[in-house]
Amino acid sequence: MSKKFEGRTALVTGAASGIGRAVSEDLAREGASVVVVDLDREGLEATAAAITAAGAVATPFVADVADPEMVRAAVELAESEYGRLDLAFNNAGITGPSGLLADIDVAGYQRTINVNLNAVFYGMYYEIPAMLRAGGGSIVNTSSILGLVGTPTAVPYVTAKHGVTGMTKAAAVGYAEKGIRINSIHPGYIDTPLIKHIAGVQRSALVSLHPQGRLGTDQEVSRAVIWLLSDEASFANGTQLVVDGGYTAR
Ligand code: NAP
């Protein structure tokens, strides 16, 4: 059976861990060559090693996605290494500071916006021209349920993720006639290292927010991302795909 992404090149940020790692491995399993990007060198090398051990192709690139020059270099690496860029998953993220709006520190707010929102802009800013050179492409940006609804103690995160939702829609409309589809993914709470950084919240409290009575897995999110990236989602554009065990349905 032919693979979904044979002959295509993908770029994934936040690829050292959690959802980004799962998507990188699934892309590679489906035939893509994957440039995996993250701040965490050790985790990134583990992702690349797992992909090559499975007989697929990956190139690790250590970068801070909040630095536009590093994002530009990652896209250039994809083109120089593999000759083209077809797919991108702009996914790196942090939880940011917890607390009511007036209780959080300004530096924490700014860093969260830089990593969770501005980095998505930098990603698309360099990926889209590369995809136009390749004749088209597909981009998925990681938002969250908190890109659709609010919570009082995660203002920077909620703000950044709502920004990703809107930026995705605007970009999708702008490039729809040019052969690039752009969508966002909105996970509920997923059992990855990220949730350990949510200050003052017990795991059981997070579980209770989901009608299905559990957290999601990175694999469950990855399957949705892979669908959006693939030609099977050929008429999905500017959409918000929610994978949240019923969180936002209440
Ligand atoms: P994760 O396991 O912590 O993975 C995120 C990865 O991104 C980590 O390897 C992290 O490195 C990396 N990263 C952080 N800042 C970076 C930067 N500036 N430049 C490059 N890499 C950076 O988290 P995850 O749960 O898979 O999260 C992936 C995405 O899903 C995030 O955008 C998150 O907001 C979103 N999301 C997660 C959940 C959830 O419940 N887990 C729910 C909704 C949305 P370090 O470990 O070194 O920081």
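Let me begin with the ligand, because the space that the ligand takes up is the largest pocket, and I should say at once that what we are looking at is a predicted model. Three elements each give two or more residues to the shell around the ligand, namely helix 1 (18-29), helix 4 (106-134) and helix 5 (155-175).

In that shell, 30 residues surround the ligand, and the closest are Ser17, Asn91, Tyr157, Ile190 and Thr192. Sorted by class, the shell holds 15 nonpolar, 10 polar and five charged residues.

Now to the polar contacts. A backbone N or O atom of isoleucine 190 lies 2.7 Å from an oxygen atom of the ligand, while a polar backbone atom of leucine 39 is 3.3 Å from a ligand nitrogen atom. With arginine 111 the side chain takes part, as one of its N or O atoms is 3.4 Å from a nitrogen atom of the ligand. As for cover, the ligand taken alone exposes 890 Å², and the protein buries 90% of that.

Let me turn to the aromatic rings, where a search of the whole structure finds four pairs. One of interest here is tyrosine 189 with tyrosine 247, whose ring centres are 6.2 Å apart and whose planes stand at 50 degrees, so the pair counts as tilted. This pair links distant parts of the chain, 58 residues apart, since tyrosine 189 sits in the loop between strand 6 (180-187) and helix 6 (203-207), and tyrosine 247 in the segment after strand 7 (240-243).

Methods
Residues numbered from 1 in each chain as written. Predicted model: local features only at pLDDT ≥ 70, side-chain atom pairs only at ≥ 80, totals over all residues. Heavy atoms only, no water. Near = heavy atom within 4 Å. Polar contact = N/O pair within 3.5 Å; in protein donor to acceptor, adjacent residues only side chain to side chain. Areas by Shrake-Rupley, 256 points an atom, 1.4 Å probe, with all protein chains shown as cover. 1 Å grid on protein atoms, 1.4 Å probe; cavity = no way out; pocket = protein on both sides within 12 Å on 5 of 7 lines; lining within 4 Å. Sits in = over half its atoms within 2 Å of the grid points. Helix = DSSP H or I, 4+ residues; strand = E, 2+ residues; numbered from the N terminus. Nonpolar A, V, L, I, M, F, W, Y, C, P; charged D, E, K, R; others polar. Phe/Tyr/Trp six-rings, centres within 6.5 Å; stacked < 30°, edge-to-face > 60°.
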